[in-house]
Structure formats: structure tokens, C-alpha cells
Number of protein chains: 2
Amino acid sequence: MTKLEDHLEGIINIFHQYSVRVGHFDTLNKRELKQLITKELPQTLQNTKDQPTIDKIFQDLDADKDGAVSFEEFRALESSLWRGPLSADLGNIRRQLSQPPPAFL
Amino acid sequence: MTKLEDHLEGIINIFHQYSVRVGHFDTLNKRELKQLITKELPQTLQNTKDQPTIDKIFQDLDADKDGAVSFEEFRALESSLWRGPLSADLGNIRRQLSQPPPAFL
């Protein structure tokens with residue numbers, strides 16, 4: 001398996017580590033989402049110990065308003081991370097990649 | 001950095017390993033997309049050596065029809081992988097998770 005395949009499958013596995021805990025094993029309830037966010041995204045999302053923040057994230061992700069977050073709905077969080085906190089990483093990567101290689105290379 | 005943060009950042013890094021090669025460093029042209037798919041998704045996508053397949057994938061991903069695939073457009077490929085080839089993994093995970101724990105646990 002390549003690194004990219006490992007990353008794609010890894011994201012699924014981490015989602016399921018939390019989704020199986022309570023209720024339907026394929027969706028996150030609010031508590032499971034909070035556990036995932038606080039444990040797995042500590043450097044990426046702020047104020048996740050603050051309940052109103054969790055309530056807002058859960059509400060935003062639960063697109064079909066069925067009271068649970070599916071894997072497809074969870075992926076919207078990734079998009080917001082890439083546009084938001086991880087976009088700094090995108091910026092760093094762009095700066096690194098757009099600089100001419102060091103003289104010694 | 002947690003495993004999930006590593007996976008999210010890893011996907012960005014792999015995308016950029018290919019996007020920087022030719023033209024705009026932030027988007028994939030068709031050749032870069034073909035290189036990424038054949039090298040990084042060998043177990044996930046079939047027939048990727050076949051040019052019509054690449055043409056079709058490129059056409060599907062290039063949502064704004066600007067002749068290049070941005071990172072946001074590239075993520076549509078992930079969705080199709082999760083609904084398609086990787087959904088078998090989802091299935092396996094579900095089966096593993098929904099089985100009662102072995103007697104000796």
C-alpha cells in the first residue's frame with residue numbers, strides 16, 4: 001500500500017474508532033465527535049473543550065439533520081481544515097516549493 | 001501531531017509533490033495527474049495506464065474546466081474512492097466492528 005492509500009484508509013479507520021462507540025457504528029453522535037476532535041485534532045482546532053464550539057461544529061456537519069454525522073458529512077470538516085488551519089501548511093508548502101533550490105543542490 | 005493530522009497533511013504533501021512539477025505549482029495538469037494516480041493509487045484505481053481512463057478522470061475532476069486540477073477538485077477523487085474501491089475497506093471495517101469480541105477477550 002502506498003503512503004496516499006495509507007492516508008486515505010487511515011482517515012476511515014480513525015473515524016470508525018470513534019463511530020463504533022455508541023449507537024450506530026457508522027455515524028458519530030455529538031459525544032463521539034467531541035472525543036474525536038479533542039483527541040485527534042488538538043493542534044488543528046481550537047476551543048474544542050468549549051461545548052458551544054462543539055455544538056456549532058456538530059450542527060454544521062450534520063447536513064441532513066438526522067442527529068448524527070456520517071463519514072461523508074465528516075469529510076466537510078476536512079475541507080474546512082484545509083481551507084482554514086491546514087491552509088497555513090499549504091502556504092508553507094507553497095513557499096518551500098516556490099523557492100529556488102539551495103545553491104548546494 | 002496526531003495520526004489524523006498526519007494523514008490530512010500527508011495528502012496535501014503528496015498532491016504537491018506532483019503539482020509542482022510543471023506549470024502552476026498548485027494544480028495538476030493531465031500528465032502530473034497520471035503520474036500521481038499510477039504511482040500513488042496502484043491498488044485503488046485500475047486501468048490507469050490506459051489514456052482514455054486518465055482523460056475521463058481528468059475531465060471529471062476539472063470541475064471549472066480550466067484545464068487543471070486544483071487540490072479542492074482533487075478531493076472529489078477521494079470521495080469516489082471512498083464510495084468505490086475503498087468502500088470495500090469500509091465494509092470490512094464494519095464487519096469487523098459489528099462482530100462480537102472473540103470469547104477469549
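This passage looks at how two chains pair up in a predicted model, and then at how the helices of chain A pack.

Starting with the pair, a turn of 180 degrees lays chain B on chain A with an RMSD of 0.0 Å, and the shift along the axis comes out at 0.0 Å. That is what a two-fold axis does. Within chain B, the residue that gets closest to this rotation axis is B:His7, whose C-alpha sits 2.4 Å from it.

As for the interface itself, chain B puts 41 residues into the contact and chain A puts in 41 residues. The copies meet through the same surface, because 100% of the interface residues of chain B are also interface residues in chain A. The size of an interface is often quoted as the accessible area lost when the parts come together. Here chain A and chain B bury about 3,700 Å² between them, and 68% of that lies on carbon and sulfur atoms. On the chain B side, the residues that lose the most area to chain A are B:Leu4, B:Leu8 and B:Trp82, which together account for 18% of what that side buries.

Turning to the helices of chain A, α1(A) covers residues 3-19 and α2(A) covers residues 30-40; the two pack at an angle of about 130 degrees, with 9 Å between their axes. An angle over 115 but not over 145 degrees counts as oblique, so α1(A) is oblique to α2(A). The crossing of α1(A) past α2(A) is right-handed. From α1(A), the contact draws on A:Ile14, A:Phe15, A:Gln17, A:Tyr18 and A:Ser19, while α2(A) supplies A:Glu32, A:Gln35, A:Leu36, A:Lys39 and A:Glu40. Sorted by class, this α1(A)–α2(A) contact is a mix of 4 nonpolar, 3 polar and 3 charged residues.

Next along the chain comes the pairing of α2(A) with α3(A), the helix of residues 51-61; their axes come within 10 Å and cross at roughly 110 degrees. That makes α2(A) roughly perpendicular to α3(A). Here, too, the handedness can be given: α2(A) passes α3(A) in a right-handed crossing. On the α2(A) side the contact is made by A:Lys30, A:Leu33, A:Lys34 and A:Ile37, and on the α3(A) side by A:Gln51, A:Ile54, A:Asp55, A:Ile57, A:Phe58 and A:Leu61. By class, the contact of α2(A) with α3(A) comes to 6 nonpolar, 1 polar and 3 charged residues.

Technical notes:
Residues are numbered from 1 along each chain as its sequence is written. Chains are lettered from A and ligands numbered from 1 in the order in which they are written. This is a predicted model: local features need pLDDT of at least 70, side-chain atom pairs count only at pLDDT 80 or more; totals for chains, interfaces and linings use all residues. Side-chain values use heavy atoms; hydrogens and water are left out. Copies are superposed by least squares on the C-alpha atoms of residues with pLDDT of at least 70 in both. Contact means heavy atoms within 4.5 Å. Axes are lines fitted to C-alpha atoms, for helices over the stretch in contact, and angles run from 0 to 180 degrees between N-to-C directions. Helices (H or I, at least four residues) and strands (E, at least two) are DSSP runs, numbered from the N terminus. Angles under 35 degrees count as roughly parallel, over 145 as roughly antiparallel, 65 to 115 as roughly perpendicular and the rest as oblique. A crossing is left-handed if the near helix is turned anticlockwise from the far one by less than a right angle, and right-handed if clockwise. Ala, Val, Leu, Ile, Met, Phe, Trp, Tyr, Cys and Pro count as nonpolar, Asp, Glu, Lys and Arg as charged, and the others, Gly among them, as polar. Buried area is the accessible area (1.4 Å probe) that two parts lose on being put together, summed over both.
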